[in-house]
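Welcome! Have a look at the sequence and the 3D structure below, and then let us walk through them together.

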Amino acid sequence: MGQGATPARLLHHDHPMRLRHGAVILTAAAILVGGCGTDTTNNPGSVPPPAPVTPAAAPVTAAAAPLTAEQVLANLTAAKLGLTAGAAQDEDTDPNDLLGRPNGYLSRASADLPGGDKDADKYGIDRGLVIEVFPSVEDGDRRSKYIQESLKSLPILGTEYHYRADGGRVLVRVSGKVKPSLAKKVQAAVEAM
């Protein structure tokens, strides 16, 4: 390197031919190094390289399908909480029109629960209990947060207990009219799923 010349000056201004020769030498060295290795066909004492691992050889695990609202309803009924008039909703009976729709739930069920209003709208939360199953935890979180914020801003609408199952994809809603002691039993049954 000449006196007073910095490496940056050499790279950019002084010696373009030196750079080209250096690049050619580096490229040739990379090719030679890449081609070096143990030739197992001509050297019987050498250890063969390990076999490549292919992605197809590894087991593929798909995310488990979420519980259905009907399965959750059956589990809660088996817990002997006093549920009656349990029913799964379809797109014609869903009071929220969210079943199967974008940002909606995959399945929904409802039941009457002691303390709920048996004269309230059929399939509604005021009768006691509603189960909503979402495609993701985030969708369930969003729905729960929306309901709780709405109820907080309009106290006249009442209150709800919210419990989660199946990693958070299932939202079990219990009317605030239900006694806290029964709501705790529902919570224990949900957590046991």
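## Helices on the sheet

Helix α3 (residues 69–78) lies across β1, β2, β3 and β5, and runs at about 30° to β2. Helix α5 (residues 180–191) also packs on the sheet, where α5 touches β3, β4 and β5, and its direction makes about 15° with that of β4. Here helices (H or I, at least four residues) and strands (E, at least two) are DSSP runs numbered from the N terminus; contact means heavy atoms within 4.5 Å. Axes are lines fitted to C-alpha atoms, for helices over the stretch in contact, with angles from 0 to 180 degrees between N-to-C directions.

This is a predicted model, in which local features need pLDDT of at least 70, side-chain atom pairs count only at pLDDT 80 or more, and totals for chains, interfaces and linings use all residues. Residues are numbered from 1 along each chain as its sequence is written, and side-chain values use heavy atoms, leaving out hydrogens and water.

## The sheet itself

How are the five strands ordered in the open sheet? The order is β1-β2-β3-β5-β4, with antiparallel pairing (two strands pair if DSSP finds at least two bridges between them). β1 (84–89) and β4 (160–165) stand at the edges with a single partner strand each, so one side of each has no neighbour in the sheet. On average, neighbouring strands are turned by 15° against each other, direction ignored.

Six bridges join β2 (residues 107–112) to β3 (residues 128–133) in the antiparallel sense. Arginine 108 stands opposite glutamate 132 in β3.
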